[in-house]
Amino acid sequence: MAGGAGLAKRLGTFLSGLLECGAFCGIIFGWASLVFVLKDLGYFEGLCQPSATPGPNLTLGSDCSGQDEQFSLVFTIGSFMNNFMTFPMGVVFDRFGTMAARLIAISLYAGGTLLVAFSTPEMAVLLFPAMSMLSVGGILLILTNMQVGNLFGNYRSILITLYNGAFDSSSAIFLIVKLLYEHGLSLRAMFLFLAACSAWHLLRTLFLMPRTHIPYPLPPDYDYGLRCRGRSRSYRTYKDKQPPAEAAPEETPLEPPIPRGGAPSGTPFRACACSWLFAWHVAWLSVMQLRHYLFIGTLNPQLEHLAHGDHGLVSTYTNAFAFTQLCGVLCAPWNGLILDRHKRGKGPRPEGALAALADLRSAVLSLVVTVAQCLLFSVLAAVPVLPVQFGTFVLQVISRSFLYGGNAAFLAIAFPPQHFGKLYGLAMALSALVALLQYPCVALVQGPLQGDPFYMNLGLIAVVLVAFVSPVVVARECQRRAKELGMASTPLAAAPSAEIHVETPH
């Protein structure tokens, strides 16, 4: 953990980033709790039609499937923007650095919260741009925070997954909004407070984040913050004094330059994006993300179906679901421990190209575990028994925290560092196109399936099985790279000068 920035400053950066991700970045995924409030306020209420079917109190109720579809459309567009806009935002982050990216994120986030604050049932259409702005602002904030793991050396993967877990936990903010609303606080007041928090984001940008990127590994006397302009004077002096052959590494978002003995780092972005390794990873991400988005987007109508319209019971289960989201920050680091497990212990550690191969091998188990969790979650979600949904909520938050943390960590491990922001953004953007299928799926449930998602859930179990292909592809890639080192059947103990073409995954 060498560097000019003291331990207290680095811990302050880490903890404030954890708070930022855990309280702001992914609040849109607590949509089910906010929908409960918006329905009570009468948003899209004009889409409800009188129903001839008696409600739970034997009174004629309303058919609000049109209202549910509209809320689902808001979430579909918001979640699509959350992923699709990650690619251009990743390009901005790679090209212009942390400060520029964070200023854009803060502006979007403040604008989104203000739109919700000043929306009314008559102006419910404002929810569409508001949720999109909150989504894009939140994903850009977490993208700038993941580089903080570079400040903590061998714990980098753990911190990346921890931040993604905090991102998942931030969905519980809408539960707090719901509970405070039930105790008399207005929706406008709460979202004005969230808008005012943008001042804190700005202060953190100026004092606890770099202007450009945090390099890895950290050079001696590296510092960051307002006075540093991205690099401290001591860091620049150190670079100027170095011989040309020992120049410090260029700043990168997450990964170190490929070590000597590894492949050159000049691989084109197109070669990475068109590789089978990346294509199957996108499929891995896309099918599981679709499963999670459909569960969140249809949670309210599904609970209403299983509870036979009992408003109080639906509220109880909605609260339980939101409470489980708080545990995302506790679940995600376990994936980081799986990814970094080969770095622990007292034995000799592989170096150079062997270290890159060891990192990639460790990712195989992470990918398999993540798919297995999502499969179990999908099976429980298909069980049409209300109490079983408590177990579904637990598996959902564990699976989701493993999914996003593992996605970021895998891309940092498997591909050259200079393309991380673009590849991360491209993966999220492509998965967003697949996520658009959630709206026709919701329409299918609300229409032909008459509000019962059972058959859709069965179909999604089959879709999730496709994700098992990705770890198989990664395992075969590991075998190919090991053969290039002439060590396919031997332990990772070859000389670190052995060469491996890590920049051209198949």
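Me: Over the face of which residue does Lys 178 lie?
Reply: Keep in mind that we're looking at a predicted model here. The distance from Lys 178 to the ring centre is 4.6 Å, and a charge counts as sitting over a ring within 6 Å of its centre, given a suitable angle to the ring normal. The ring in question is that of Phe 36.

Me: Which ring does Lys 9 lie over?
Reply: Lys 9 is at 4.6 Å from the ring centre of its partner. As for its surroundings, Lys 9 has 24% relative accessibility and counts as partly exposed. The ring under Lys 9 belongs to Tyr 224.

Me: And which residue forms a salt bridge with Lys 9?
Reply: The closest N and O atoms of this pair are 2.9 Å apart, and the cut-off for a salt bridge is 4 Å. The partner of Lys 9 is Asp 223.

Me: How many residues apart in sequence are the parts that Lys 9 and Asp 223 tie together?
Reply: Lys 9 lies in helix 1, which covers residues 7-25. Asp 223 is in the loop between helix 10 (198-207) and helix 11 (233-241). The salt bridge therefore ties together parts whose separation in sequence is 214 residues.

Me: What is the overall count of salt bridges?
Reply: Lys 9 with Asp 223 is one of them, and Glu 477 with Arg 480 is another. Over the structure, the count comes to 10.

Me: What separates Glu 477 and Arg 480 along helix 22?
Reply: Their side chains meet in a salt bridge at 2.6 Å, N to O. Both sit in helix 22 (residues 469-484), and they are three residues apart. Because of that spacing, the separation is about one helical turn.

Me: Is Glu 477 buried or exposed, and what about Arg 480?
Reply: The cut-off for buried is under 20% relative accessible area. Glu 477 comes in at 3%, and Arg 480 at 17%. So Glu 477 is buried, and Arg 480 is likewise buried.

Me: Which residues does the salt-bridge network around Glu 484 join?
Reply: Glu 484 is partly exposed, with a relative accessible area of 34%. It forms a salt bridge with Arg 480, the closest N and O atoms being 2.6 Å apart, and the two lie four residues apart in helix 22. Through shared partners, the network joins Glu 477, Arg 480, Arg 481 and Glu 484.

Me: What kind of aromatic pair do Phe 44 and Phe 128 make?
Reply: A search of the whole structure turns up 20 aromatic pairs. In this one the ring centres are 6.4 Å apart and the planes stand at 70°. Planes over 60 degrees apart put a pair in one class, so Phe 44 and Phe 128 are edge-to-face.

Me: How far apart in sequence are the parts that Phe 44 and Phe 128 tie together?
Reply: Phe 44 is in the loop between helix 2 (31-41) and strand 1 (49-54), while Phe 128 is in helix 6 (residues 127-145). Phe 44 counts as buried at 11% relative accessibility, and Phe 128 does too at 15%. The pair ties together parts at a sequence separation of 84 residues.

Me: What is the phi of Phe 44?
Reply: Most residues other than glycine have a negative phi. Phe 44 is not a glycine, yet its phi is positive. The value is about 60°.

Me: What sort of pair do Phe 174 and Phe 191 form?
Reply: Phe 174 is in helix 8 (residues 173-182) and Phe 191 in helix 9 (residues 187-196), 17 residues apart. Both are buried. Their rings are 6.0 Å centre to centre with 45° between the planes, and the pair is tilted.

Me: Why does Cys 274 have no disulfide partner?
Reply: A disulfide needs two cysteine sulfur atoms within 2.5 Å. Cys 274 is exposed, with a relative accessible area of 58%. The closest cysteine sulfur is in Cys 272, and it is too far for a bond because the distance is 9.5 Å.

Me: What share of the chain's residues is buried?
Reply: The chain has 22 helices and two strands. Among contacts between residues at least 6 apart in sequence, 80% join residues at least 24 apart. Of the 506 residues, the buried share is 56%.

Definitions and conventions
Residues are numbered from 1 along each chain as its sequence is written. Side-chain values use heavy atoms; hydrogens and water are left out. Buried means under 20% relative accessible area, exposed over 50%, partly exposed in between (1.4 Å probe, protein chains only). Rings of Phe, Tyr and Trp (its six-membered ring) pair if their centres lie within 6.5 Å; planes under 30 degrees apart count as stacked, over 60 as edge-to-face and the rest as tilted. A charge sits over a ring if NZ of Lys or CZ of Arg is within 6 Å of the ring centre and within 35 degrees of the ring normal. Contact means heavy atoms within 4.5 Å.
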